[in-house]
Amino acid sequence: MTSKFKQFVRLASELIPTIDRNQKIPKELNENIIKRLKEQLNGIDSSDLYINQFSNELLSDSELKNNKSVYYFPIIEMKAFTLAVFAFPPNSTIPLHDHPDMTVLSKVLYGHVYCKNYHLLDKKSQEVKFTGEVKLDETSGTKITYPQENNLHCFYTESKSTAVLDLLYPPYDNIYRSCNYYKLLKMENSHNRDDENFKLLKFDPDFSCITSINSQRFFTNLVK
Ligand SMILES: [Fe+2]
């Protein structure tokens with residue numbers, strides 16, 4: 001029988017357009033494609049990937065104690081999209097970052113994570129607006145990050161380890177779509193209110209996203 005996860009991979013491969021390596025700005029996914037992928041992804045949980053909160057295959061105890069890192073487990077890395085699990089140790093953070101010209105679908109597999117969202121108001125001045133914080137868990141459904149709307153976010157976990165399945169279209173690369181991290185600066189004439197706009201400042205955070213070299217072997221049977 002075909003698993004839900006395999007069905008999702010097939011649907012993504014069928015619906016997501018191929019992209020040219022030299023294509024600077026990829027075609028945006030239309031709402032119908034996003035809706036179909038989202039519906040399918042909503043039904044996937046950790047049991048479909050044979051992982052759980054205590055899965056030794058994914059994280060060792062020493063790794064779980066390091067809150068300066070999250071762990072990246074690639075499942076499929078293609079030119080058109082990447083499908084991967086991000087595993088967060090307890091009390092860990094992914095600093096504020098962007099997804100240039102990308103669409104990202106994120107589904108929590110276990111645990112919960114808080115996500116603060118920001119919308120870029122002006123590319124030249126790098127002014128952003130805070131658009132809200134959401135708590136995501138396995139019942140929350142799929143979160144969508146759009147290329148032109150609420151394209152920046154940061155994540156943090158509390159006392160539970162958490163795993164999130166992400167589909168990134170197209171994937172990050174080092175030419176047109178590198179991942180940038182930012183600090184938020186208060187605007188001139190700021191009144192120190194939380195709902196005011198901020199200015200982005202690129203920085204190099206004390207944070208790493210560590211890639212698991214074993215995960216493709218671990219996940220191979222899921223996508224065959
Ligand atoms: Fe992100």
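**An open antiparallel sheet, two cores and a helix pair**

In this predicted model, 6 strands make up an open sheet in which the order is S3-S8-S5-S6-S11-S10 and the pairing is antiparallel. Strands, like helices, are DSSP runs numbered from the N terminus (at least two residues of E for a strand, at least four of H or I for a helix), and two strands pair if DSSP finds at least two bridges between them. The edges of the sheet are strand S3 (93–97) and strand S10 (182–186), each of which pairs on one side only. On average, and with direction ignored, neighbouring strands of this sheet are turned by 35° against each other, where axes are lines fitted to C-alpha atoms, for helices over the stretch in contact, and angles between N-to-C directions run from 0 to 180 degrees. Strands of a sheet pair through backbone hydrogen bonds, in either a parallel or an antiparallel way.

Residues are numbered from 1 along each chain as its sequence is written. Because the model is predicted, local features need pLDDT of at least 70 and side-chain atom pairs count only at pLDDT 80 or more, while totals for chains, interfaces and linings use all residues. The pLDDT, which is the predictor's confidence in each residue on a scale from 0 to 100, averages 87 over the protein chain, and 84% of the residues score at least 70. Confidence is lowest in helix H3 (residues 61–64), with a mean of 52, and highest in strand S7 (residues 143–145), at 98. Where pLDDT is low, the predicted coordinates should not be read in detail.

Within the sheet, strand S5 (residues 112–122) is joined to strand S6 (residues 127–137) by 10 bridges, and the two run antiparallel. Leu120 has Val128 in S6 as its bridge partner, and Asp122 is paired in the same manner with Glu127. The hairpin of S5 and S6 has 4 residues between the strands, and in this hairpin Gln126 takes a positive phi near 60°. S5 is also joined to strand S8 (residues 152–156), by 5 antiparallel bridges; here Cys115 stands opposite Phe155 and Lys116 stands opposite Cys154. S8 pairs in turn with S3 over 3 bridges, again in the antiparallel sense, and Phe155 of S8 is the bridge partner of Ile94.

The largest nonpolar core, a set of buried Ala, Val, Leu, Ile, Met, Phe, Trp, Tyr and Cys residues joined through C-beta atoms within 7 Å, has 33 residues, of which Val85, Ala87, Leu109, Val113, Ala163 and Leu167 touch the most other members. Two or more residues are given to this core by each of helix H1 (4–15), helix H2 (31–42), strand S1 (69–77), strand S2 (82–88), strand S4 (103–110), S5 and strand S9 (162–169). A second, separate core of 7 residues includes Leu96, Tyr118, Leu152 and Leu200. A residue is buried if 20 or more other C-beta atoms, placed from the backbone, lie within 10 Å of its own, exposed if 12 or fewer do, and partly exposed in between.

The axes of H1 and H2 come within 10 Å and cross at roughly 170°, so the two helices are roughly antiparallel to each other (angles over 145 degrees count as such, under 35 as roughly parallel, 65 to 115 as roughly perpendicular and the rest as oblique). The contact (C-beta atoms, placed from the backbone, within 7 Å) involves Gln7, Phe8, Leu11, Ala12 and Leu15 of H1 and Ile33, Arg36, Leu37, Gln40 and Leu41 of H2.

Terms used: Contact = placed C-beta atoms within 7 Å.
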